[in-house]
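Student: Hey, can we go through this one together? I'd like to start with a single residue and then look at how chains meet.
Tutor: Sure, let's pull it up.

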Amino acid sequence: MFIKNCWYVAGWDKEVPQDGFLSRTIANMPLAIWRDSHNKVIAFEDRCCHRGAPLSKGRREGDCVRCMYHGLKFDVKGICIEIPSQPRIPPQAKVRVFPVVEKHRWIWIWLGDPSLADESLIPDTHWLDDPAWRSNDGYIHYDVNYLLIADNLLDFSHLPYVHPTTLGGTEDYAKVQPKVERTDRGVKITRWALNIDPPAFVQKVHPFEGKVDRWNIYDFIAPGILLMDSGMAPAGTGAPEGNRVNAVEFRGCQALSPEHDNSTHYFFAHPHNFAIDRPDVTDSIHQSVVTAFDEDREIVEAQQAMVALDPNFKMVNLGIDAALSQFRWIVSRAIEQENKSAEPA
Amino acid sequence: MFIKNCWYVAGWDKEVPQDGFLSRTIANMPLAIWRDSHNKVIAFEDRCCHRGAPLSKGRREGDCVRCMYHGLKFDVKGICIEIPSQPRIPPQAKVRVFPVVEKHRWIWIWLGDPSLADESLIPDTHWLDDPAWRSNDGYIHYDVNYLLIADNLLDFSHLPYVHPTTLGGTEDYAKVQPKVERTDRGVKITRWALNIDPPAFVQKVHPFEGKVDRWNIYDFIAPGILLMDSGMAPAGTGAPEGNRVNAVEFRGCQALSPEHDNSTHYFFAHPHNFAIDRPDVTDSIHQSVVTAFDEDREIVEAQQAMVALDPNFKMVNLGIDAALSQFRWIVSRAIEQENKSAEPA
Amino acid sequence: MFIKNCWYVAGWDKEVPQDGFLSRTIANMPLAIWRDSHNKVIAFEDRCCHRGAPLSKGRREGDCVRCMYHGLKFDVKGICIEIPSQPRIPPQAKVRVFPVVEKHRWIWIWLGDPSLADESLIPDTHWLDDPAWRSNDGYIHYDVNYLLIADNLLDFSHLPYVHPTTLGGTEDYAKVQPKVERTDRGVKITRWALNIDPPAFVQKVHPFEGKVDRWNIYDFIAPGILLMDSGMAPAGTGAPEGNRVNAVEFRGCQALSPEHDNSTHYFFAHPHNFAIDRPDVTDSIHQSVVTAFDEDREIVEAQQAMVALDPNFKMVNLGIDAALSQFRWIVSRAIEQENKSAEPA
């Protein structure tokens with residue numbers, strides 16, 4: 001059961017070819033994603049209305065798509081405009097077309113009621129193509145339900161245990177209490193650690209001489225978009241008050257898009273605004289993030305295996321779970337409300 | 001749910017060894033198929049009545065089979081005639097023996113009520129061993145339900161899309177309306193295309209200089225036997241009226257036997273009556289068919305994957321589906337009637 | 001559905017490391033098994049109470065275990081004594097600790113009601129570390145439900161068919177009627193074959209010149225412990241009357257521990273009391289047993305595959321199944337009684 005009335009990231013812009021198709025399943029819906037002759041991205045249900053063959057194995061004919069099983073031809077609106085050997089085209093011969101928006105390097109798709117697909121709801125990830133920032137494109141495929149990854153992202157206490165040598169830093173860092181606030185569409189988490197050692201992944205590319213003040217400010221938008229303002233400045237230079245002097249800053253952009261019930265697409269980048277003319281710095285930061293995310297994946301997939309053995313397993317909620325408890329409640333309520341409005345009056 | 005009261009092809013004759021067993025599952029029934037000392041083919045349920053061990057791992061002892069788990073010995077009628085270390089043999093100690101017929105290179109099996117197993121119902125495939133015809137033996141294993149393959153075989157409109165360079169020929173050919181007729185046990189499809197280009201697979205072995213008149217006359221017998229009279233003659237020489245002058249003729253024999261719910265055995269051959277002394281011609285025709293059937297398998301397995309993602313997916317039936325719609329109805333009705341007669345009065 | 005109130009073998013003693021963990025699932029319960037600083041074996045549920053991460057991927061800290069996902073620390077009793085960044089520890093923050101006993105080379109675990117975990121119920125396997133006996137440690141993983149393996153162990157009639165060249169000996173041996181008796185917790189099977197040829201695996205290491213009197217006396221304790229007194233002596237020297245003169249003796253110790261519904265851990269050893277200073281003899285006996293057990297596995301996994309195809313398959317019980325029929329009844333009744341006492345009054 002997934003939220004439908006929301007924008008999911010379906011891929012990086014470069015994954016949708018000029019000719020041909022990106023074939024990808026989001027929330028159990030197979031999609032054939034392509035570009036018309038004006039370079040506009042189009043997303044079809046990847047299942048011909050006739051016998052269910054994947055249209056992503058079809059043929060582009062101008063701004064139309066021909067299914068390469070029986071030759072049905074669909075226009076850009078998904079309406080069948082040709083059936084070989086039969087002149088009459090029944091009105092139900094059409095495939096579903098989903099609202100789709102290409103914005104700041106990501107392809108966003110709306111699987112629910114198209115009349116609710118408001119583009120202004122798309123989270124701002126402009127750092128992905130802002131010339132003042134640099135990042136590499138990241139993708140990981142997870143064999144777990146996306147909520148276990150959201151749990152992981154909404155929690156800081158795992159940093160010193162799962163990422164001791166990468167993102168984590170010292171165990172002191174785990175003890176810093178985050179401030180958790182509800183937002184319109186999710187939760188905001190603010191976390192400051194003052195006068196601590198800088199983490200290894202930053203020291204590699206931008207060594208600090210002494211202690212730093214470090215922040216992580218998360219905006220987590222249900223069901224799976226995480227925008228993170230993070231960074232550090234020399235200790236005591238006033239970063240908590242807003243003076244980011246000699247600071248190193250990141251704007252992490254992360255998107256969880258459920259694939260099937262127990263698998264997830266994870267798109268991410270970690271833009272930085274220093275040394276932007278040095279690809280080696282960008283590569284180093286990216287590689288640190290990838291290594292850390294692989295550490296997450298290892299523990300989260302192990303967690304999923306243990307949880308799956310006992311359908312009655314109940315998690316014990318702790319104070320450190322405030323953010324994720326709220327977040328799971330938001331997701332549950334959204335699904336409940338979608339189901340209610342889908343019921344007959 | 002499969003039709004039981006029908007003849008399924010269980011294999012090619014050469015697959016049943018002189019000693020030992022062919023182990024094969026048809027319609028979820030595991031079979032141990034063997035030859036007695038008179039070369040008669042015998043088909044046992046491949047599951048010892050005692051503890052369920054496969055008899056195909058057993059030992060032939062004359063015209064008996066000994067289970068190599070606990071040593072029970074069964075005669076040719078499946079009756080247990082020896083239990084080591086116990087003199088009394090309970091009457092229920094027997095394995096099911098299925099009516100089986102070896103005919104024209106194929107092993108036919110009847111899984112339903114043996115009293116209904118009428119040999120005259122076995123479709124005629126004499127071209128498989130008629131000295132005036134030649135073919136190679138074909139087999140493909142499909143990971144889909146057999147009905148999706150039957151759909152594929154009952155439809156011509158896919159030829160130019162799935163097989164453009166093999167069987168298909170031009171797209172004009174896809175527009176020819178077939179004539180569909182109900183028969184006693186299935187459907188007959190007649191399709192004539194006049195004055196068209198000959199297909200590539202024939203040009204390779206028997207080049208025509210100009211256009212041809214091409215026919216495909218299918219006799220599809222539920223649930224999965226397809227006998228095809230196909231061929232072509234120089235255009236305008238009267239083939240539609242029955243004058244097959246300078247014609248090239250085939251008698252395709254194809255058999256779909258469900259293995260499990262989502263897998264199928266597919267036996268086939270494509271006998272031709274020209275150049276029968278040239279194995280290279282036979283090989284070329286066979287290879288063209290195999291290549292084309294692999295094209296079918298690729299699209300049909302992709303179709304199955306998409307359909308499986310949504311149990312509520314409804315196919316839109318078109319005019320080009322007349323034959324397969326009738327055929328699916330015949331199959332459904334046969335299953336319904338078998339279930340009815342299996343109910344207690 | 002497994003018996004819970006019983007001792008299962010969870011592993012060989014050497015499998016539980018001094019540091020770190022043995023991670024193993026018994027009867028669908030994942031276990032993290034470790035040794036405290038006094039070398040005492042401890043068994044935790046391998047699922048942190050917080051979010052379900054496996055504790056076997058955790059870190060030993062003295063006699064405590066720290067979960068390496070969010071850092072919860074548990075003492076030897078499974079009670080959480082530290083939660084990073086939160087002072088209050090809720091009382092439900094604890095993991096299940098199972099009664100566990102290390103005895104005669106095996107680790108025994110009790111998954112049911114701890115108040116019933118009576119150590120005196122642990123079967124005697126002292127031959128595994130008795131200096132007068134020698135054996136190697138055996139383990140096989142089976143992809144079948146443990147009851148099919150118990151069936152196999154409780155039956156002698158398969159010996160000449162499954163093990164003709166290893167354990168079995170001649171077919172005459174299969175015809176010897178065993179005496180089957182009910183015991184407090186299982187069945188006892190006594191089987192004597194007088195004046196027969198010695199089996200190959202013994203001839204290899206201790207050649208007899210003539211015929212032997214051979215015995216197998218099984219004590220099979222539900223649900224999966226088999227203790228076997230077996231051996232042979234020169235024919236007619238009085239072994240049946242208790243004179244084991246010039247005898248070769250074994251004390252087979254075998255333990256079936258269900259892993260999941262259709263997989264099983266199988267621990268075994270075959271201690272002998274002759275030529276105990278010759279490792280080559282011990283190795284030869286062990287290898288004969290391993291070869292024979294692989295023969296069993298091959299037929300039992302084939303049996304499972306056939307049985308799984310038909311959920312309604314009913315086995316025909318024969319006289320040779322007396323022991324296993326009784327045994328299956330004992331297991332069923334034990335599960336029934338555990339379920340009854342678990343019901344609310």
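**One residue, then an interface**

Tutor: Let's begin with Thr25(B), which sits in strand S2 of chain B, residues 22-26. Keep in mind that this is a predicted model.

Student: Okay, is Thr25(B) buried or exposed, and why?

Tutor: Thr25(B) counts as buried because its relative accessibility is 12%, and the cut-off for buried is under 20%.

Student: So which residues is Thr25(B) in contact with, leaving aside neighbours within four places in sequence?

Tutor: In chain B there are Pro30(B), Pro258(B), Glu259(B), His260(B) and His265(B), and Leu309(C) from chain C also touches Thr25(B).

Student: Cool. Switching topic: how many residues are in contact between chain A and chain B?

Tutor: Chain A brings 27 residues and chain B brings 32.

Student: And what area is buried between them?

Tutor: About 2,500 Å², with carbon and sulfur atoms giving 60% of that. On the chain A side, Arg51(A), Tyr69(A) and Ser85(A) lose the most area to chain B, together 32% of what that side buries.

Student: How many salt bridges are there across that interface?

Tutor: The rule finds three between chain A and chain B. Arg47(A) forms a salt bridge with Asp310(B), where the closest N and O atoms are 3.9 Å apart.

Student: What about polar contacts there?

Tutor: 11 residue pairs are in polar contact across the interface of chain A and chain B, counting pairs with both residues at pLDDT 80 or more. By class, the chain A side touching chain B has 11 nonpolar, 10 polar and six charged residues.

Notes: Residues numbered from 1 in each chain as written. Chains lettered and ligands numbered in written order. Predicted model: local features only at pLDDT ≥ 70, side-chain atom pairs only at ≥ 80, totals over all residues. Heavy atoms only, no water. Contact = heavy atoms within 4.5 Å. Buried area = accessible area lost by both parts, 1.4 Å probe. Salt bridge = Lys/Arg side-chain N within 4 Å of Asp/Glu carboxyl O. Polar contact = N/O pair within 3.5 Å; in protein donor to acceptor, adjacent residues only side chain to side chain. Nonpolar A, V, L, I, M, F, W, Y, C, P; charged D, E, K, R; others polar. Helix = DSSP H or I, 4+ residues; strand = E, 2+ residues; numbered from the N terminus. Buried < 20%, exposed > 50% of the residue type's maximum accessible area, 1.4 Å probe, protein only.
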